[in-house]
Amino acid sequence: MREALRLARRGAGATSPNPMVGAVVVAGDEVVGTGYHPRLGDPHAEVFALREAGSRARGATLYVTLEPCVHWGRTPPCTEAIISAGIRRVVAAMPDPDHRMGGRGLRRLAEAGVETRVGVAEREATVLNEAYVKHRTTGLPFVTAKWAMTLDGRIATRSGESQWISGEASRALAHELRAASDAILVGIGTVLRDDPVLTARTPAAVRNPRRIVLDSTLRISLGARVFARDGTPVVVATTDRGRPNTRRALEAMGVEVVSAAGADGRVDLVALLRELARRGVLSLLVEGGGTVLGAFADAGLIDKVVAFVAPTLVGGPAPGPVGGHGVEALAQARRLVRTGVRLVGEDVVIEGYVAPASPAGETQKGA
């Protein structure tokens with residue numbers, strides 16, 4: 001199963017909205033077939049593994065990181081391929097949370113006389129497809145908040161200069177995070193200040209993530225570099241206060257303008273996330289700035305944090321990474337769990353998952 005998980009990771013950034021899946025066929029004590037789901041629309045991992053195993057799949061055991069599918073989609077059901085190949089036993093890391101499944105894949109195999117077992121390395125498999133699991137169970141994307149800051153907690157100088165706080169190695173890792181995400185989100189302040197392109201500049205990128213800009217009143221320039229005509233969908237999230245002429249001009253450029261007005265005149269983040277999820281966004285990378293990150297934090301919508309800390313001191317009245325209302329007492333502070341710390345170049349990278357908090361007093365509005 002560890003080998004199947006390793007294989008599954010090779011599909012990172014290419015399979016969405018499908019999950020990453022790996023499969024290994026074992027006959028006796030010999031691996032006779034391996035496979036993974038390489039990209040959306042291609043055969044699933046089980047099919048590749050069975051093809052490689054050929055006739056040796058008969059009577060063998062199939063290890064797979066996710067319950068085999070039983071429904072028709074872009075490809076035929078994997079359960080039928082497994083049964084036809086004569087597999088004797090299937091070991092799945094986790095059940096498929098898709099509403100079309102509900103254990104139907106494993107039941108279909110059992111009805112055909114295939115021995116099944118589920119739950120081997122389930123935690124590792126769940127983490128591997130954490131975005132897929134959240135999307136299928138909540139209807140929302142998995143949100144990762146990413147920022148780079150100085151040792152004293154600043155994301156820019158007092159004049160607004162922010163390029164570059166982190167080092168070259170950290171910036172390369174940040175582009176890998178983009179490449180593995182379905183979409184990347186920033187606020188209009190970042191666009192007006194930095195005019196970013198928001199592309200994934202890494203050899204690992206099989207496509208650029210969808211670009212999302214929060215802009216309540218449509219202040220964005222039609223010449224902003226985020227509108228680079230590279231075929232990548234761009235979404236501008238706004239409210240009813242947006243300038244109608246600008247909206248029409250954006251739509252004429254092929255930009256997707258989404259209205260998600262909150263009661264306070266800002267973008268309703270939950271409504272926006274549900275709309276993005278409907279459009280196939282499973283994983284969302286939020287890069288800020290501080291106003292946007294604060295809004296996501298106040299709304300309790302951040303699942304994971306990746307913070308790059310540079311060995312630099314700025315001082316003074318410079319901005320921090322997370323604004324918003326914040327909390328009044330330390331007991332209300334959101335803690336990270338399952339944390340990891342590593343050195344990337346000269347920077348320290350801290351990663352962790354945001355522990356659940358009481359919903360009392362939380363808002364759900366954006367920038």
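In this predicted model, nine strands make up an open sheet, and their order across the sheet is β10-β9-β8-β7-β11-β6-β12-β14-β13. The pairing within this sheet is mixed. At its edges lie β10, which covers residues 256-259, and β13, which covers residues 336-344. Each of these edge strands pairs on one side only. If direction is ignored, neighbouring strands of the sheet are turned against each other by 20° on average.

One pair of strands may serve as an illustration. Strand β12, residues 304-310, is joined to strand β14, residues 347-354, by six bridges. These two strands run antiparallel. Within the pair, Phe-308 has Val-349 of β14 standing opposite.

Helices also pack on this sheet. Helix α10, formed by residues 269-278, touches β6 (142-150), β7 (183-187), β8 (210-214), β9 (234-238), β10 and β11 (283-288). The direction of α10 makes about 165° with that of β8. Helix α11, formed by residues 290-298, likewise packs on the sheet, where it touches β6, β7, β8 and β11. Between the direction of α11 and that of β11 the angle is about 130°.

A single residue of the sheet can now be considered more carefully. Val-186 is located in strand β7. Is Val-186 buried or exposed? Its relative accessibility is 1%, and a residue counts as buried when this value is under 20%, so Val-186 is classed as buried. Leaving aside residues up to four places away in sequence, Val-186 touches Val-191, Leu-198, Ile-212, Val-213, Leu-214, Glu-287, Gly-288 and Val-292. A different relation links Val-186 to Glu-3: the two residues are 183 residues apart along the chain, and their C-alpha atoms are separated by 37 Å.

The structure also contains an open sheet of five strands, arranged in the order β2-β1-β3-β4-β5. Here, too, the pairing is mixed. The edge strands are β2, residues 30-36, and β5, residues 115-118, and each pairs on one side only. Neighbouring strands of this five-stranded sheet are turned by 15° against each other on average, with direction ignored.

Which strand is joined to β1 by four bridges? It is strand β3, residues 61-64, and β1 itself comprises residues 22-27. Strands β1 and β3 run antiparallel. Ala-23 has Val-64 as its bridge partner in β3.

How values were computed:
Residues numbered from 1 in each chain as written. Predicted model: local features only at pLDDT ≥ 70, side-chain atom pairs only at ≥ 80, totals over all residues. Heavy atoms only, no water. Pairing = 2+ DSSP bridges. Axes fitted to C-alpha atoms, helices over the stretch in contact; angles between N-to-C directions. Contact = heavy atoms within 4.5 Å. Buried < 20%, exposed > 50% of the residue type's maximum accessible area, 1.4 Å probe, protein only.
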